[in-house]
Amino acid sequence: MRVDMRSGWEQLLRPDVEQFLDHTLGPDIAADARRLVPVLSGDLLRSIRHEVSGGELRVGSDLLYAGVVELGNRPDEEGRVRQSAQPWLRPALYRRRSG
């Protein structure tokens with residue numbers, strides 16, 4: 001068997017890849033993130049979005065405190081942690097998917 005790859009083959013796949021990212025993978029990850037995010041006011045939950053640009057999928061929130069919820073913060077000078085990590089995005093991103 002012989003397989004010949006024409007130059008520019010990546011560009012031929014780009015529309016299909018972007019459609020998969022925008023209509024399947026992005027919504028699935030965002031839905032899992034919404035299911036896992038801790039809810040206090042609901043602002044973080046409502047801010048979770050996905051977008052596709054240039055073949056790159058981004059899922060997350062633009063709220064400034066989203067990273068602190070996900071990762072927690074460092075102990076202060078007295079060793080107290082004001083916010084423990086409550087991961088919601090990484091588990092959604094790393095979930096095994098089939099299809």
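How many nonpolar, polar and charged residues does the lining of the largest pocket have? By class, this lining has 7 nonpolar, 4 polar and 1 charged residues, where Ala, Val, Leu, Ile, Met, Phe, Trp, Tyr, Cys and Pro count as nonpolar, Asp, Glu, Lys and Arg as charged, and the others, Gly among them, as polar. The model is a predicted one, in which local features need pLDDT of at least 70 and side-chain atom pairs count only at pLDDT 80 or more, while totals for chains, interfaces and linings use all residues. Residues are numbered from 1 along each chain as its sequence is written, and side-chain values use heavy atoms, with hydrogens and water left out.

The largest pocket has a volume of about 180 Å³. A pocket here is an open set of points on a 1 Å grid over the protein atoms alone, where a 1.4 Å probe fits and protein lies on both sides within 12 Å along at least five of seven lines, and its lining residues have an atom within 4 Å of a point; the volume is the space filled by probe spheres set on the points, which are joined across faces, edges and corners. The lining is made up of Pro38, Val39, Leu40, Ser41, Gly42, Asp43, Leu44, Leu45, Tyr65, Val69, Gln83 and Gln86. Helix α2 (residues 43–47) gives the largest share of this lining, 3 residues; helices are DSSP runs of H or I with at least four residues, numbered from the N terminus.

Two of the lining residues can be set side by side. Val39 sits in the loop between α1 and α2 and counts as exposed because its relative accessibility is 52%, whereas Leu44, in helix α2, is buried, with a relative accessible area of 5%. In these terms buried means under 20% relative accessible area, exposed over 50%, and partly exposed in between, with a 1.4 Å probe and protein chains only. The C-alpha atoms of Val39 and Leu93 are separated by 19 Å, the two residues being 54 residues apart along the chain. Leaving aside neighbours within four places in sequence, Leu44 is in contact (heavy atoms within 4.5 Å) with Val37, Ser61, Leu63, Tyr65, Ala66, Val69 and Trp88.

Leu44 also leads into the largest nonpolar core, which consists of 12 residues: Ile29, Ala30, Ala33, Val37, Leu44, Ile48, Val59, Ala66, Val69, Trp88, Leu89 and Ala92. The elements that give two or more residues to this core are α1 (9–36), α3 and α4 (89–94), and the largest share, 3 residues, comes from α1. Such a core is a set of buried Ala, Val, Leu, Ile, Met, Phe, Trp, Tyr and Cys residues joined through side-chain atoms within 4.5 Å. Trp88, one of the core residues, touches Ala33, Leu36, Val37, Pro38, Leu44, Ile48, Ser61, Ala66, Val69 and Glu70, not counting residues up to four places away in sequence.

The contact between Trp88 and Glu70 turns attention to a charged side chain. Glu70 lies in helix α3 (residues 66–71) and counts as buried because its relative accessibility is 7%. The side chain of Glu70 reaches the backbone nitrogen of Trp88 at 2.8 Å, and a polar contact of 2.6 Å joins the side chains of Arg90 and Glu70; a polar contact is a pair of N or O atoms within 3.5 Å, of which, within protein, one must be able to donate a hydrogen and the other to accept it, and residues adjacent in sequence count only if both atoms are side-chain atoms. Not counting residues up to four places away in sequence, Glu70 touches Ala85, Gln86, Pro87, Trp88, Leu89, Arg90 and Pro91. Arg90 lies in helix α4 and is partly exposed, with a relative accessible area of 34%; apart from neighbours within four places in sequence, Arg90 is in contact with Glu70 and Leu71.

Helix α1 holds two further buried residues to inspect. Asp32, found in α1, counts as buried at 8% relative accessibility and touches Ala92, Arg95 and Arg97, not counting residues up to four places away in sequence. Gly26, also found in helix α1, is buried, with a relative accessible area of 0%, and, with neighbours within four places in sequence left aside, is in contact with Leu21, His50, Leu57 and Val59. Gly26 and Leu93 are 67 residues apart in sequence and 9.6 Å apart in space, C-alpha to C-alpha.
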